[in-house]
Amino acid sequence: MNRNIKQLFITSAFVLLIATSTTFIINDVESSKITKIINQDDDETTISVIAHRGLSSIEIENSFEAIKLGLQDKSTTGVEIDIRLTKDKKIVVIHDDEINNKKVSTSTLEELQKEKIKANIPTTTDYITSLFDNISGNLIRTRFQIVQNKTTKISTLKEILDLYKDYQEKELIIEFKFEDNEDDFIQEFDNLIKEYNYSKIIIQSNDYQKITKMKQLHPEFEYHLIIKKDNYEELKKQDLDGYVIRKNLINYDDINTLLNNNKKVSIWTIASYQDFKDTNEKLQDLNNKVSYITNYPDAINTWQELIQKDKSKIKVKE
């Protein structure tokens, strides 16, 4: 099947699913009231949980609102965001390289701020599968129906750094989305970050050379390399502070070696209860020693409890 046709088919099926799932439709729900899937308002996380692009199942990813919620939520130990450089050398918080067909690197901040950002409609097989997860599917569908009707405007990194001053007990993980602007990007970040005195900033990227260059400039921060299939071997260099490993690339022995060498390990992206359970099974006794990057950080404690209950039942049967 042609890739474009396949993508259109998946998107259409997803939109139809959302549109016809009236059982799960929620109207005019205040997002702060559904931050927790169970009454966890007083529960702090027992494991390291990173809010992926802010609390992006409640608010639009990488928005000021999502990042603030992620920092406020007691279930998180940190928040991950993405940054890019505009044409007029302003650092903005966004994952994709364009907004409404306006390319970030060839547009000014003023031009980009005029654009309304809407929630992306996920069409990956991974996300579609998560909608039917028997434990977390209802949560995922409900939250998407809430966030899909929202709009926001692009934020600058400066706005987020100003916000972060009240939440410095948490990690702020900044992922650089480099294009052909490496020198300008690093220089502008250098100019901006000098205004602050933050100790829990983590810089991450999937570009080993560029992140190593940044480490030389600002050795006071932590530097984490994003590991994908095409750069997996770079995990073995072990000269950075941490490694962010895709969930389908988990290798117990490699992760155990990293942890034994005092390297941090994060697993991305946990999209459902089944994801979390599968990841736990692969990690075995290492599951409490890594961080989990997820759009549902407030659900992790509950999912962890469910897994523990399942394990207890198995032991009883044995």
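This passage describes the nonpolar cores, one strand pairing and one pocket of a predicted model. Local features require pLDDT of at least 70 and side-chain atom pairs pLDDT 80 or more, whereas totals for chains, interfaces and linings use all residues. Residues are numbered from 1 along each chain as its sequence is written, and side-chain values use heavy atoms, without hydrogens and water.

The largest nonpolar core (buried Ala, Val, Leu, Ile, Met, Phe, Trp, Tyr and Cys residues joined through side-chain atoms within 4.5 Å; buried means under 20% relative accessible area with a 1.4 Å probe, protein chains only) comprises 77 residues. I81, I174, F189, I245 and I255 have the most contacts inside it. With residues up to four places away in sequence excluded, F189 touches I91, L157, I174, F176, I203, M214 and F221 (heavy atoms within 4.5 Å). Another core, of seven residues, lies apart from the largest one and includes I173, I202, I226 and V244.

Strand β10 (a DSSP run of E, at least two residues) spans residues 201-205, and five of its five residues are buried. I201, I203 and S205 point one way from β10, while I202 and Q204 point the other way. β10 runs parallel to β9 (residues 171-176), to which four bridges join it; I203 is the bridge partner of I174.

The second largest pocket (an open set of points on a 1 Å grid over the protein atoms alone, where a 1.4 Å probe fits, with protein on both sides within 12 Å along at least five of seven lines; lining residues have an atom within 4 Å of a point) holds about 220 Å³ of space. Its lining contains four nonpolar, two polar and five charged residues, among them K89, I91, L157 and E188. Helix α7 (182-193) supplies the largest share, three residues.

Notes: Buried < 20%, exposed > 50% of the residue type's maximum accessible area, 1.4 Å probe, protein only. Points joined across faces, edges and corners; volume = space filled by probe spheres on them. Nonpolar A, V, L, I, M, F, W, Y, C, P; charged D, E, K, R; others polar. Pairing = 2+ DSSP bridges.
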